[in-house]
Amino acid sequence: MKLLIIVALYIAKSMNINIIGAGALGNLLATKLSKLHKVKLTVKAVHKDLIKNQEILFRDIKGTITKTDIKINTKIDECDLIILCVKSYDAQKVIEKLTDSETPLLLCQNGLKTMNYALDNIDRKRLSYLVTGNGISKIKAGISEHKGLGFTYIGTLSKTKSVILKNLSETLKQEDMDCSIVDNIEDYIWLKAIINSAINPIAALAEVKNGHLKNPELNEELMNLCNESSTIAKSNGIKLPLDPWEEINKIIDKTSDNKCSMLQDLENNRETEIDAINGELVRIARKLSVKCNYNKQVVSEISKISINT
């Protein structure tokens with residue numbers, strides 16, 4: 001009888017999940033969620049080895065390497081939940097393909113641009129968001145490592161309760177990933193955007209790991225960006241749930257050996273997310289007639305040294 005109850009509970013909580021994108025976060029989520037759920041990974045056609053081998057590798061925070069056998073192809077399948085883990089500059093094209101679907105969509109992109117585009121094109125009731133301060137590095141598609149612990153918040157953009165998100169949160173907690181469901185996820189998206197607007201461009205321009213951002217000169221630049229981005233948020237009516245400057249320093253301490261995603265993109269000659277992060281803040285600031293000099297400056301400097309911006 002006990003065995004039957006355990007099996008029944010497992011079936012009740014198990015979901016079919018389609019993760020799009022085999023980068024740092026997509027790989028982490030696919031590894032952890034596949035322990036309980038049926039997870040499928042959608043990748044670009046160029047990732048022929050991934051599609052052929054049908055497996056991903058992930059090194060956790062303790063250094064343990066996990067190989068996960070998983071279905072990998074280029075199609076988006078019918079499922080209970082789609083998790084979009086592509087970079088912000090690829091997100092719009094994917095969202096366009098999902099406008100007629102009724103499947104719930106969990107977004108994970110940095111910055112505010114993806115959220116704003118999704119809200120303009122998809123029913124808010126379908127949309128939820130995940131923001132995280134975990135340090136995760138992509139080695140290559142399908143291979144990544146967990147470099148530093150941090151917060152993870154999820155919530156629906158309609159502010160409604162979700163059994164799917166509850167199952168997701170419980171699964172991640174079982175896999176030693178702190179994950180909290182919040183009612184005001186949009187405020188947390190802004191919080192993460194502020195954090196990214198400071199850490200990413202400064203670390204990328206200085207070509208340093210996060211821990212070096214404690215350097216007084218770099219720290220002052222961080223604070224200037226943090227304060228300016230926070231002012232833009234508050235001018236837009238956002239009630240920040242946590243103090244951005246405190247969270248920035250926590251992330252720097254916990255991910256001191258991690259290279260931020262923007263620095264990794266520059267080092268690997270990939271497009272950066274400067275437009276989705278700082279560029280979107282500049283656009284919002286201009287609409288509100290709020291100063292955005294520091295954000296404009298880093299957008300200009302990063303754009304000069306990155307491709308396709």
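Two strands count as paired here if DSSP finds at least two bridges between them. With that in mind, the predicted model can be described through its sheets, its nonpolar cores and its cysteines.

**The four-stranded sheet**

An open sheet of 4 strands has the order E4-E3-E10-E9, and its pairing is mixed. Its edges are formed by strand E4 (65-69) and strand E9 (135-140), each of which pairs on one side only, and the twist from one strand to the next averages 20°. Within this sheet, strand E3 (residues 55-59) and strand E10 (residues 143-148) run parallel and are joined by 3 bridges, with Arg59 standing opposite Glu145 in E10.

**The eight-stranded sheet**

A further open sheet, also of mixed pairing, has 8 strands in the order E5-E2-E1-E6-E7-E8-E11-E12. Strand E5 (71-73) and strand E12 (180-181) each have a single partner strand, so one side of each is left without a neighbour in the sheet. Strand E1 (residues 16-20) runs parallel to strand E2 (residues 38-42), to which 5 bridges join it, and Ile19 stands opposite Leu41 in E2.

**Helices lying across the sheets**

The table lists helices that lie across strands, with the angle to one named strand.

| Helix | Strands crossed | Angle |
|---|---|---|
| H2 (residues 24-33) | E3, E4, E9 and E10 | about 100° to E3 |
| H5 (residues 113-121) | E7 (105-107) and E8 (127-132) | about 175° to E8 |
| H6 (residues 163-174) | E1, E6 (81-84), E7, E8, E11 (152-156) and E12 | about 170° to E11 |

**Nonpolar cores**

The largest nonpolar core has 61 residues, and those with the most contacts inside it include Leu84, Trp190, Leu213 and Ile248. Helix H7 (residues 185-206) gives the most to this core, with 13 residues. Leu213, leaving aside its neighbours within four places in sequence, is in contact with residues including Ile199, Ile202, Ala203, Leu222 and Ile252. Another core, lying apart from the largest one, has 32 residues, among them Ile19, Phe58, Ile72 and Leu165.

**Cysteines**

Where a disulfide requires a pair of cysteine sulfur atoms within 2.5 Å, the count for this model comes to 0. Cys108 is in no disulfide, the nearest cysteine sulfur, that of Cys85, being 4.1 Å away; Cys108 is also buried, with a relative accessible area of 11%. For Cys226, the closest cysteine sulfur belongs to Cys260 and lies 16 Å away, which is too far for a bond, and Cys226 itself counts as buried at 2% relative accessibility.

Note on methods. Residues are numbered from 1 along each chain as its sequence is written. This is a predicted model: local features need pLDDT of at least 70, side-chain atom pairs count only at pLDDT 80 or more; totals for chains, interfaces and linings use all residues. Side-chain values use heavy atoms; hydrogens and water are left out. Buried means under 20% relative accessible area, exposed over 50%, partly exposed in between (1.4 Å probe, protein chains only). Helices (H or I, at least four residues) and strands (E, at least two) are DSSP runs, numbered from the N terminus. Axes are lines fitted to C-alpha atoms, for helices over the stretch in contact, and angles run from 0 to 180 degrees between N-to-C directions. Contact means heavy atoms within 4.5 Å. A nonpolar core is a set of buried Ala, Val, Leu, Ile, Met, Phe, Trp, Tyr and Cys residues joined through side-chain atoms within 4.5 Å.
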